[in-house]
Amino acid sequence: MLRSSKDLEHYAIHATDGLIGHVRDFYFDDKAWVVRFLVVDTGSWLHGREVLISPISLGHCDYVKQLLPVSLTKAQVKGSPDIDTHQPISRQHEMGYLSYYGYPYYWGGHGLWGAGSFPSLMLTSVDDPDGRGVLPHASPMHEAGSAPGDDPHLRSINAMNNYCIEATDGEIGHVRGFLVEEGTWAIRYLVVETSHWWLGHQVLIVPEWIRAVSWLDRSVNVVVTRHQISTAPAYDAALLLERKDEEALFKHYGSPGYRGLPF
């Protein structure tokens, strides 16, 4: 199931002992194209402080109540490291965050999350001597194969909205959202608005078709043409995107499925 990142904004985040706050934004990995953190506005509870929540801690989402449960206590969240969510997040910040919660590092494996595709599978339950509940085994520091100061390529989803789409032969639209896969938190599509060029037309672009992103120029360079984008199947946010719709999209572009694999 694919979910719009816009739809997930403002969802309530519930700890094991009460409300933490509401989703304000997401940080995604611009190499693997997967959401690594939810940015949560804690409101009056922590005097407007924003905290990061990893998908590793998330339970099953209640889409009717618009609620995301987490296997954390409010005290754990309150004591988590302060991170300026308006600034780039360094690998050192991530390591401090993951170490605080006792989470393994997601980088270094061949999957989206370590060796696998699902963040929840990274956890191996152990008894917690500090009485904070059930915690996972943490991976050794050097398992990451990365120095503490390395750039993890984490970007804000909201900041990328309105980026210009540059096809191989010119501009064709702007980013208007992201479709995220439930469970894996992988970004499967960028929603592109082409109304400035083609009236009322929204289409989908796969991250694998992105050649480069210019964060300075606020543009996304893709390896498809303006004609391919303008004639692609229209995307309607009010309708559920079904597998047949995805198959039609990839057939239009003459491309296999996700990450070069057939459906």
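Reader: Which residues do ring pairs link into a cluster here?
Author: In this predicted model, ring pairs (Phe, Tyr or six-membered Trp rings with centres within 6.5 Å) join Phe37, Tyr97, Tyr100, Tyr101 and Tyr103 into a cluster. Residues are numbered from 1 along each chain as its sequence is written, and side-chain values use heavy atoms, leaving out hydrogens and water. Local features need pLDDT of at least 70 and side-chain atom pairs 80 or more, while totals for chains, interfaces and linings use all residues.

Reader: And how many aromatic pairs does the structure hold?
Author: There are 15, and one of them, Phe37 with Tyr97, is edge-to-face (planes over 60 degrees apart; under 30 is stacked, the rest tilted), at 5.1 Å centre to centre and 85 degrees between the planes.

Reader: Where do Phe37 and Tyr97 lie in the chain?
Author: Phe37 belongs to strand S4 (residues 34-41) and Tyr97 to helix H3, 60 residues apart, so the pair links distant parts of the chain; helices and strands are DSSP runs of at least four and two residues.

Reader: Are those two buried or exposed?
Author: Phe37 counts as buried (under 20% relative accessible area; exposed is over 50%, partly exposed in between, 1.4 Å probe) because its relative accessibility is 1%, and Tyr97, at 2%, is buried too.

Reader: Which other residues of H3 are buried?
Author: Besides Tyr97, the buried residues of H3 (residues 91-101) are Arg91, Glu94, Met95, Leu98 and Tyr101. Together with Tyr97 they cover an arc of only 165 degrees around the axis (using directions to the C-beta atoms), so they lie on the same side of H3.

Reader: Switching topic, what follows H3?
Author: H3 is followed by Gly102, whose phi is positive, near 75 degrees.
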